[in-house]
Amino acid sequence: MRSLVSVSAAALVLAAVLAAAPRLAGGTDECGATPPEQEALKLMPCIAAGKDPDSQPSDRCCAAVQEIGESSPACLCAVLLSKIVRRVGVKPEVAITIPKRCDLADRPIGYKCGGTLRAV
């Protein structure tokens, strides 16, 4: 009985360590070890496109969006809706249209951002 309790306790400790490992490594969000706010810095060339739905995103903007989107559609969504992006005047409902305006074939079609906005 005592060894069963010891094994159970060890298993619980191991499970807790494994569950905490991503947090200990800094991977607590959609972008892995990098916070979405830091990933958002890659989208500096997209500021104008994030404010005006009729503007054509630059090649640099599209390349940055594609890079982030290929690594993780959830990360791209988190970046486009991050607080830092809003602080520079980017409109979330406009920002999530950038992948489509860049004509990215592998964009996350139908992926829901923030539960209410929808990228197409």
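User: What does buried mean here, and what counts as exposed?
Analyst: Buried means under 20% relative accessible area and exposed means over 50%, with partly exposed in between, using a 1.4 Å probe and protein chains only. This is a predicted model, in which local features need pLDDT of at least 70, side-chain atom pairs count only at pLDDT 80 or more, and totals for chains, interfaces and linings use all residues. Residues are numbered from 1 along each chain as its sequence is written, and side-chain values use heavy atoms, with hydrogens and water left out.

User: Ok, Ser-55: buried or exposed?
Analyst: Ser-55 has a relative accessible area of 17%, so it is buried.

User: And what does Ser-55 touch, leaving aside its neighbours within four places in sequence?
Analyst: Ser-55 is in contact (heavy atoms within 4.5 Å) with Ala-48, Ala-49 and Arg-101. In addition, a polar atom of the Ser-55 side chain lies 3.0 Å from the backbone oxygen of Asp-52.

User: Switching to H4, which of its residues are buried?
Analyst: In H4, a helix being a DSSP run of H or I with at least four residues, numbered from the N terminus, the buried residues are Cys-61, Cys-62, Ala-64, Val-65, Ile-68 and Gly-69. They cover an arc of only 160° around the axis, taken from the directions from the helix axis to the C-beta atoms, which puts them on the same side of H4.

User: What's on the face turned away from that side?
Analyst: That face carries the exposed residues Asp-59, Arg-60, Glu-70 and Ser-71.

User: And what covers the buried residues of H4?
Analyst: The cover includes helix H2 (36–39), helix H5 (73–80) and helix H8 (98–101).

Notes:
Helix = DSSP H or I, 4+ residues; strand = E, 2+ residues; numbered from the N terminus. Polar contact = N/O pair within 3.5 Å; in protein donor to acceptor, adjacent residues only side chain to side chain.
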